[in-house]
Amino acid sequence: MISRRKFLRQTAGITAGLTIQGNYLSAAGSVFVGKNYEVFIPIPLQVVIDDVGWWSGEDGHEKQEPYRTGINRKHVPADYQAIADLGKALGIRPQAATILCEWDKENILRDVPSSTWMGRNWDNSGWVGPWMEEAAEIIRSNQKYYELTLHGVGHEFWEGEKFTRAEWHDRNGHMRPREEVEKHLDYYEKLLRQHNLGLFPKSFVPAAFLHSFGPSEGNATSLALILKRRGVDYINTPFGSIFNKERVQYGIFGIDDDVMTVDRGRDEFSWMTFPGDPSKELTGPTCGMHWPNMLHPDPLRNSEVVKKWIDYLRPFNDKQNMMLAPDSVYFQHQLAHHTLTKINLKGNIIELDFSATDNLPANIGRKEFTVKIITCKPVKLKPAGIKILSRELKKGKEFMYVLKLMRKPDKSKAIINILT
Ligand SMILES: [Zn+2]
């Protein structure tokens with residue numbers, strides 16, 4: 001028999017889709033506690049790092065320059081290596097939400113005056129140098145451990161000499177004029193091409209977290225739809241500052257023109273904390289931070305701060321009801337299953353019901369996901385209607401089977417037999 005006290009201690013408060021203090025803890029149906037077995041569809045954790053891409057560390061907002069990272073040194077290639085090192089150590093693909101204006105080596109942004117503080121006189125020559133290719137090479141050669149996520153061209157929106165927040169939506173939740181939005185996206189792509197940084201990103205973090213779920217007032221089109229046409233299928237932003245939140249369908253996430261939009265929740269640190277020393281329990285699926293939180297004032301010592309984040313994040317993988325998502329695509333599938341797939345345990349049979357999950361757009365929840373099964377003695381697991389891609393056994397006081405499953409097309413239900 002599994003110790004009830006231990007279970008309650010580890011999962012306090014997560015039993016029935018509870019929302020405590022505005023934090024998301026666990027979805028109803030994703031946990032089943034039986035007499036001899038416990039089954040979990042764990043919450044996936046995704047690391048998202050904002051405001052990557054600046055070369056200057058200066059917070060320039062008082063002189064109508066952007067809110068950059070606000071650190072007292074320049075950014076260097078070692079700051080990109082820190083992200084890749086975090087990913088490599090944990091076997092994950094952190095999202096680097098990236099601003100690209102200071103990567104412009106041809107001053108093409110003169111054509112988009114609303115994207116920078118210099119408008120038509122844009123001159124970025126001071127930031128052009130060999131460090132660009134060095135950082136680009138780190139990004140290119142660490143694709144498995146580094147995801148470049150769209151954040152913005154210049155982060156704010158300039159009209160004449162002055163900016164307002166932020167690049168994609170204003171403070172009242174109105175999207176910037178459609179032709180401006182499209183132009184900023186066109187030029188984001190051109191900047192990626194200047195440095196051979198890969199295809200247009202598949203994910204987006206709104207600058208200053210100003211975003212409307214669905215079309216904002218006066219617009220026929222949502223930003224999500226504009227982004228979807230360029231290949232973005234996932235947005236991560238705190239719902240605390242999202243506009244038209246009442247349209248969100250599933251609490252922790254919503255589907256906006258087929259784009260999965262996930263609540264980031266609250267970060268442990270302010271954007272100015274440099275460096276951060278993480279310790280707080282995560283209560284939602286995103287471990288959000290800003291670039292300075294994971295860097296050191298002396299870039300040669302970045303690894304000391306990265307190690308703190310590695311030591312902080314790794315244990316989440318051993319929790320019954322959590323896991324580190326290997327990348328943001330797996331993250332979306334797992335979050336969908338965690339939220340909508342129902343588990344039932346009848347005797348020795350685990351039943352999985354995907355009916356609600358299959359109401360989502362076809363790119364979500366149809367393939368791989370992870371289940372954790374806790375038993376008090378070794379067992380054999382025999383699936384029907386679903387394939388076990390891999391299984392891992394973690395032995396402690398109890399036995400934790402971590403199963404990576406692959407759905408079979410057109411099966412809305414599946415079972416796993418527990419054989420003793
Ligand atoms: Zn930002």
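A residue counts as buried if 20 or more other C-beta atoms lie within 10 Å of its own, as exposed if 12 or fewer do, and as partly exposed in between. Asn244 has 17 C-beta neighbours inside 10 Å, so Asn244 is partly exposed. The structure described here is a predicted model.

Confidence comes first. The average pLDDT of the protein is 93. A score of at least 70 is reached by 94% of the residues. Over residues 1-23, however, the pLDDT is below 50. In the model, this stretch has 30 contacts beyond near neighbours in sequence.

The domain assignment gives two parts. Domain 1 covers 4-42 + 319-419, and domain 2 covers 48-316. Taken over C-alpha atoms, the centres of domain 1 and domain 2 are separated by 32 Å. The two domains touch: 17 residues of domain 1 are in contact with 24 residues of domain 2. On the domain 1 side, β2 (23-24), β17 (322-324) and α7 each supply at least two residues. The largest share of that side, four residues, comes from α7.

Helix α7 spans residues 328-340. Its 13 residues should cover 18 Å at 1.5 Å a residue, and its end C-alpha atoms are 18 Å apart, so the two values agree. The helix is mostly covered, with 12 of its 13 residues buried. Among the buried residues of α7 are Tyr330, Phe331, Leu335 and Leu340. Ser328, Gln332 and Thr339 are also buried, as are His333, His337 and His338.

An open sheet of four strands follows the order β18-β19-β24-β21. Its pairing is antiparallel. β18 (342-346) and β21 (380-384) stand at the edges. Each has a single partner strand, so one side of each is left without a neighbour in the sheet. Neighbouring strands of this sheet are turned by 20° against each other on average, direction ignored. At one edge, β21 pairs with β24 (residues 413-419) in the antiparallel sense over five bridges. Within this pairing, Lys380 has Leu419 of β24 as its bridge partner.

Another pairing runs parallel: three bridges join β5 to β6. In β6, Gln95 is the bridge partner of Val48. Strand β6 holds residues 95-99. Five of the five are buried, so β6 is largely enclosed by the rest of the structure. In a regular strand the side chains alternate between the two faces of the sheet. In β6, Gln95, Ala97 and Ile99 point one way. Ala96 and Thr98 point the other way. The residues pointing in both directions are buried.

Several loop residues can be placed in turn. Thr69 lies in the loop between β5 (43-52) and α2 (77-90). Thr69 has 26 other C-beta atoms within 10 Å, so Thr69 is buried. Leaving aside neighbours within four places in sequence, Thr69 is in contact with Asp51, Trp54, Gly57, His290, Trp291 and Pro292. Thr69 and Ala207 are 138 residues apart in sequence, and their C-alpha atoms are 13 Å apart in space.

Glu268 is in the loop between β15 (259-263) and β16 (286-290). With 17 other C-beta atoms within 10 Å, Glu268 is partly exposed. Its contacts, leaving aside neighbours within four places in sequence, are Gly276, Pro278 and Lys280. Between Glu268 and Lys63, 205 residues apart along the chain, the C-alpha atoms are separated by 28 Å.

Backbone geometry also deserves a note. Most residues other than glycine have a negative phi, and most peptide bonds are trans. A cis peptide bond joins Phe274 and Pro275, with omega at about -5°. Pro275 sits in the loop between β15 and β16. A cis bond also joins Arg165 and Ala166, where omega is about -10°. Ala166 belongs to the loop between β9 (162-164) and α4 (178-194).

Positive phi values occur as well. Phi of His155 is near 80°. This residue is found in the loop between β7 (147-152) and β8 (157-159). His155 has 26 C-beta neighbours inside 10 Å and so counts as buried. For Asn244, phi is near 60°. Asn244 lies in the loop between β13 (242-243) and β14 (253-256).

Key
Residues numbered from 1 in each chain as written. Pairing = 2+ DSSP bridges. Axes fitted to C-alpha atoms, helices over the stretch in contact; angles between N-to-C directions. pLDDT = per-residue confidence, 0-100. Contact = placed C-beta atoms within 7 Å. Expected span 1.5 Å × (residues − 1). Domains from an automatic or database assignment.
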